[in-house]
Amino acid sequence: MDNPLEVEPLSKNALKRQRKLEKLEKKRAERKLTRKRKNQLKKEKQRLKREGPQPGPSLNSTKKERKQRLQQAREHGVRLVIDLSLAHLMTPKEVASLCRQLTIIYVENKRSEAPFHLYFTSLSGALKETFNQFSPDHEKWLMEIHEKSFLEVFSSEKESIVYLTADAEDDLGDMTTADNESVAFSKDMVLVIGGLIDRNRHKNICYKEACKNGLKTARLPLHLLEAKCRGSQVLTTNQCAEMLLQYNVSLDWRVAVQSVFPKRKLVAHPNEAEVMEETIGPIAEACMSVEEHTTESQ
Ligand SMILES: C[S@@+](CC[C@H](N)C(=O)[O-])C[C@H]1O[C@@H](n2cnc3c(N)ncnc32)[C@H](O)[C@@H]1O
C-alpha cells in the first residue's frame with residue numbers, strides 16, 4: 001500500500017462477519033432494554049405494594065420526565081402509526097369522534113411510562129380541518145403528523161410494517177423475529193392501526209387493504225380474555241392503541257387485554273343493552289379528566 005493511512009477495503013467475508021456482529025449487538029441492546037423495563041416494573045410493583053395504589057397511568061411524573069420519555073421514544077421507540085387514509089368512508093359525526101380519539105391516543109402515549117414513537121398519517125382534507133379545530137395546538141405535539149400515507153413515509157421499510165386488524169390469522173403476541181425469537185413487537189417494527197369509525201359497516205376493510213399492499217397483518221391476542229366475549233372482537237382505534245400501550249408497560253398481554261377490553265362486551269356483564277363500538281378505556285378516561293384540568297400543551 002502506498003499511503004499507510006489508507007484503509008484496505010474489507011473482504012466479502014469480513015463484511016458479512018461485521019454485519020452479523022452489528023446485528024447481534026443490536027439484539028443484545030434490545031434484550032438489555034427489555035430486562036431493564038422488567039426490573040423497573042418489578043421495583044414499581046414492590047413500591048406500590050409498600051405505599052398502596054397510586055392514581056392513573058404515570059400521573060405523578062413531571063412534565064420534564066414525560067417530555068424526556070417522548071423524546072427517547074422518538075429516537076429509539078417502536079413506531080405506532082394511526083392510518084387515516086380511510087377517512088372518506090366516515091360521516092362528519094364519525095370524523096369528529098375520530099378526532100377526539102386521536103387526541104386521546106396522543107394524551108395516553110404522552111402519559112405512558114413506555115410511550116411509542118407516534119405517527120398520524122394521511123391527515124388531510126375534511127379530517128385535517130376538523131382535527132385543526134379540535135386540537136389547534138397539535139403542531140407543538142411531540143409526534144409525527146403527515147399528509148402522506150404510511151406506505152410513502154415507510155416506503156423503504158415495507159417488510160417491517162405490521163397492520164393490526166381483527167381479521168388477521170396471526171396474533172401479535174406470537175410474532176417472531178428473523179432469528180426465531182418470540183416477541184410481541186421489536187424495535188424495527190412499524191405497527192399500524194386503522195383510524196376508522198364505521199360501526200363495522202365496512203367489514204374486513206383494513207385486512208383487505210393490507211393484503212392488497214402485501215403487508216403483514218396481526219390481531220390482538222383477545223383469546224387471553226378470561227370471560228367470553230359477546231359479538232365482534234373489533235375494537236376502536238383508541239382501545240387498540242391503549243392495549244398496545246398497556247402491553248408496552250406491563251410486558252404482559254393478559255394484563256393488557258384484561259384491563260382494556262370493554263367490560264360491557266363480555267358475556268357476564270348485566271348491562272346487555274349497552275354494547276356500543278365506540279368507547280374510551282379506563283386509562284383514556286383518566287387521561288382526559290386530568291387533561292381537562294391542565295393547560296399544558298404538547
Ligand atoms: C374500528 S376498527 C375498523 C373496523 C373496520 N370495519 C375493519 O374491519 O377493518 C379500527 C382499527 O382498529 C384495529 N383493530 C380493531 N380490533 C382489532 C383487533 N381485535 N386486533 C387488531 N386490530 C384491531 C384495526 O387496525 C382497525 O383498523
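## Exercises on a predicted fold

Glycine 214 sits just after helix 6 and takes a positive phi of about 65°. Helices (H or I, at least four residues) and strands (E, at least two) are DSSP runs here, numbered from the N terminus. A quick word on ground rules: the model is predicted, so local features need pLDDT of at least 70 and side-chain atom pairs count only at pLDDT 80 or more, while totals for chains, interfaces and linings use all residues. Residues are numbered from 1 along each chain as its sequence is written.

### Exercise 1: the sheet

Work out the strand order of the sheet and find which strands stand at the edges.

*Solution.*
- Start with the inventory: the chain has nine helices and six strands.
- Next, pair the strands (DSSP must find at least two bridges between two strands). That gives an open sheet of six strands in the order 3-2-1-5-4-6, with parallel pairing.
- Now look at the ends. Strand 3 (144-145) and strand 6 each have a single partner strand, so one side of each is left without a neighbour in the sheet.
- As background, strands of a sheet pair through backbone hydrogen bonds, either parallel or antiparallel.

### Exercise 2: strand 5 and its partners

How many bridges link strand 5 to strand 1, and how many link strand 5 to strand 4? Then decide whether strand 5 is enclosed or open.

*Solution.*
- Take strand 1 (residues 79-83): it pairs with strand 5 in the parallel sense over five bridges. In this pair, valine 81 stands opposite valine 192.
- Then go to strand 4, which pairs with strand 5, also in the parallel sense, over three bridges. Here isoleucine 161 stands opposite valine 190.
- For burial, count other C-beta atoms within 10 Å of a residue's own, with C-beta atoms placed from the backbone: 20 or more means buried, 12 or fewer exposed, and in between partly exposed.
- By that count, five of the five residues of strand 5 are buried, so the strand is largely enclosed by the rest of the structure.
- Check the directions too: Val190, Val192 and Gly194 point one way, Leu191 and Ile193 the other way, and all are buried.

### Exercise 3: two helices, two buried faces

Find the buried residues of helix 6 and helix 8, and say what each set packs against.

*Solution.*
- In helix 6, pick out Cys206, Tyr207 and Ala210 as buried. Seen down the axis, the buried residues fall within an arc of 100°, so they line one face of the helix. The arc is that of the directions from the helix axis to the C-beta atoms.
- For packing, use contacts (C-beta atoms, placed from the backbone, within 7 Å). The buried residues of helix 6 pack against strand 4 (161-164), strand 5 and strand 6 (216-218).
- Repeat for helix 8 (residues 253-260), where Trp253, Ala256, Val257 and Val260 are buried. They cover an arc of only 90° around the axis, which puts them on the same side of helix 8.
- The buried residues of helix 8 pack against helix 7.

### Exercise 4: around the ligand

Which residues come nearest to the ligand, and how does the shell split by class?

*Solution.*
- Collect residues whose C-beta atom, placed from the backbone, lies within 6 Å of the molecule. Of the 22 residues around the ligand, Leu164, Ala166, Gly194, Cys206 and Leu220 come nearest.
- Then sort by element: strand 5, helix 6 and helix 7 (237-250) give two or more residues to the shell.
- Finally, sort by class, counting Ala, Val, Leu, Ile, Met, Phe, Trp, Tyr, Cys and Pro as nonpolar, Asp, Glu, Lys and Arg as charged, and the others, Gly among them, as polar. The shell has 11 nonpolar, eight polar and three charged residues.

### Exercise 5: positive phi outside glycine

Compare the settings of serine 122 and asparagine 200: is each buried or exposed?

*Solution.*
- Recall that most residues other than glycine have a negative phi.
- Serine 122 has a phi near 60° and is found in the loop between strand 2 (117-121) and helix 4 (125-134). With 23 other C-beta atoms within 10 Å, serine 122 is buried.
- Asparagine 200 has a positive phi of about 55° and lies in the loop between strand 5 (190-194) and helix 6 (205-212). Asparagine 200 is partly exposed, because it has 14 other C-beta atoms within 10 Å.
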